[in-house]
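Me: I would like to go through this structure term by term. For each label, please set the value against the definition.

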Amino acid sequence: MSHRSCLTIILAAGEGTRMKSALPKVLHPIAGLPMIGHVVRAALGAGESDIAVVVGRAAERVREAVEPFAPAAGIFVQSERLGTAHAVLAAREAIARGYDDVLVVFGDTPLVRSDVLADLRGRLFEGAGVVVAGFRAPDPTGYGRLIEKDGNLAAIREHRDCSPEELKIDFCNGGLMAVAGAEALSLLEAVGNANAKSEYYLTDIVEIAADRGMKVVATEAGHEDVLGVNNRVELAEAEAIWQRRKRRELMLSGVSMTAPDTVHLSFDTEIGEETIVEPNVVFGPGAKVEPGAKIRAFSHIEGAHVSPGAEIGPFARLRPGADIGAKAKVGNFCEVKNAVVDEGAKINHLTYVGDAHVGAKANLGAGTITCNYDGFLKHHTEIGAGVFVGSNSSLVAPVAIGENAYIASGSVITDDVPADALAFGRARQVTKPDYGRRLREKHAEAAAKRKAEKGK
Ligand code: UD1
Ligand code: CA
């Protein structure tokens with residue numbers, strides 16, 4: 001099939017009013033990626049394809065969402081919303097370039113899988129002129145009904161235009177369609193708007209093609225694949241389905257999850273086999289975990305890389321640019337941002353490491369803070385291999401600590417520390433014998449005096 005050229009047209013000109021949002025509907029995210037991004041990825045996963053997106057407004061923002069996956073995508077504006085066939089024709093210029101296959105998908109159907117699209121194209125390859133993805137709707141209200149005759153598709157009748165007999169059909173139009181590229185424009189141009197909504201229905205090309213003697217067939221997709229998102233409740237439902245699918249895929253690939261329903265993944269989360277993910281972990285975009293790591297409960301990981309055998313959490317936060325080495329540990333209430341942490345380093349308690357490099361086997365005590373920001377600029381902290389930082393120390397960047405150096409607890413380190421040195425950055429302890437008792441007596445006396453005055 002790969003030698004066949006393909007154009008995928010994504011319809012996204014709907015107003016999406018039920019989202020009650022300033023953000024165009026198709027830009028609302030699922031698993032951290034705008035819905036339209038999911039559709040583009042599914043289209044590209046089904047085989048090489050050019051992409052055309054039909055939008056009503058916010059063309060630039062839609063372009064930005066599509067570009068990372070399809071840099072050459074064409075964005076076409078449908079300025080008047082006259083129906084799905086009219087919308088497809090907004091991309092006339094792209095269709096006219098001439099493709100073997102033309103796929104039409106909806107931008108608000110984010111759960112569509114590549115298999116379903118590849119299946120549609122496959123039927124074109126076998127000689128069909130139009131292929132429609134149908135599904136069995138538990139409640140078909142509102143959907144176009146697929147009218148079949150002798151194993152072929154004779155027509156799609158929109159709900160409002162159905163006879164009482166046709167309304168009983170539960171095999172519905174999922175909205176995905178494949179059309180032989182050579183016929184696409186002539187079929188679309190033959191569509192009229194004599195129907196209940198006075199719209200140009202894409203679905204009418206089924207009857208037109210059948211009348212012209214072309215083979216028109218339906219495939220059957222799962223309900224989830226064609227699930228449309230129209231409001232924020234459906235957005236959350238689609239998110240839940242997406243999350244369930246992705247968790248399942250990861251578990252089947254060798255990732256253990258002790259409470260899978262509580263693990264939240266992003267569209268691009270990568271987790272290697274033999275990794276254990278404990279309950280309540282959130283993976284934001286750009287997280288990559290290598291095999292054999294352990295991600296403990298309540299951790300939040302985004303834009304970060306975790307090497308084999310590393311242990312993160314519980315309650316750890318890895319922010320963008322965190323690169324955690326093999327067998328390193330980042331423990332409870334620690335935050336790491338834009339920092340490389342080498343093999344076997346330990347950052348175990350209440351620590352902030354930002355804009356830094358932590359050498360192999362270094363040990364940062366509880367409450368170590370890299371003071372990376374002076375209110376204007378971010379600065380780098382260099383911590384050599386084998387360094388020991390005593391608890392509750394502030395490392396004021398830019399600053400470098402040489403290999404195997406020691407930092408005394410409670411230090412504020414503002415100057416570089418050479419390798420193997422011991423640095424104190426705090427006042428020496430002063431101990432005054434008996435002062436404690438004297439202080440206590442003084443306070444007790446003052447309190448008694450105050451009480452006596454009040455009693456007067
Ligand atoms: C459409 C199908 C119906 C199918 C259902 C599946 C038609 C005529 N009907 O109905 O058979 O069962 O989807 O969900 O195709 N759009 C535009 N420009 C327009 C009109 C629509 O870009 O002028 C886009 C919308 O943004 C949306 C998609 O096309 O992504 C579908 O349009 P919508 O009005 O939701 O069609 P339905 O009535 O749901
Ligand atoms: Ca719809």
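**Terms and values**

Reply: Pro314 sits in the loop between β20 (311-312) and β21 (316-318), where helices (H or I, at least four residues) and strands (E, at least two) are DSSP runs numbered from the N terminus. This is a predicted model, in which local features need pLDDT of at least 70, side-chain atom pairs count only at pLDDT 80 or more, and totals for chains, interfaces and linings use all residues. Residues are numbered from 1 along each chain as its sequence is written, chains are lettered from A and ligands numbered from 1 in the order in which they are written, and side-chain values use heavy atoms, with hydrogens and water left out.

Me: What makes the bond between Gly313 and Pro314 a cis peptide bond?

Reply: Omega is about 5 degrees for the cis bond that joins Gly313 and Pro314. Ala397 and Pro398 are also joined by a cis peptide bond, with omega about 0 degrees. Pro398 lies in the loop between β31 (394-396) and β32 (399-401). Most peptide bonds are trans.

Me: What is the phi of Glu274, and where is Glu274 found?

Reply: Phi is near 65 degrees, a positive value in a residue other than glycine. Glu274 belongs to the loop between β13 (270-271) and β14 (276-277). Most residues other than glycine have a negative phi.

Me: How do you know that β23 and β25 pair?

Reply: Two strands pair if DSSP finds at least two bridges between them. Three bridges join β23 (residues 329-332) to β25 (residues 346-349), so the condition is met, and the two run parallel. Asn332 has His349 of β25 as its bridge partner. Two parallel bridges link β25 to β27 (residues 363-364), and Lys346 is partnered by Asn363 in β27. Two bridges also join β30 (residues 388-389) to β33 (residues 406-407) in parallel, with Tyr406 of β33 as the partner of Phe388.

Me: Why are β12 and β35 said to stand at the edges?

Reply: The open sheet has 10 strands, in the order β12-β14-β17-β20-β23-β25-β27-β30-β33-β35, with parallel pairing. β12 (256-257) and β35 (422-423) each have a single partner strand, so one side of each is left without a neighbour in the sheet.

Me: What makes the approach of Gly14 to ligand 1 a polar contact?

Reply: A polar contact is a pair of N or O atoms within 3.5 Å; within protein, one must be able to donate a hydrogen and the other to accept it, and residues adjacent in sequence count only if both atoms are side-chain atoms. A backbone N or O atom of Gly14 is 2.8 Å from an oxygen atom of ligand 1, so the pair qualifies. For Ala13, the distance from a backbone N or O atom to a ligand 1 oxygen is 3.0 Å. A polar backbone atom of Gly144 lies 2.9 Å from an oxygen atom of ligand 1.

Me: How many residues of each class are in the shell around ligand 1?

Reply: The shell has eight nonpolar, eight polar and three charged residues; Ala, Val, Leu, Ile, Met, Phe, Trp, Tyr, Cys and Pro count as nonpolar, Asp, Glu, Lys and Arg as charged, and the others, Gly among them, as polar.
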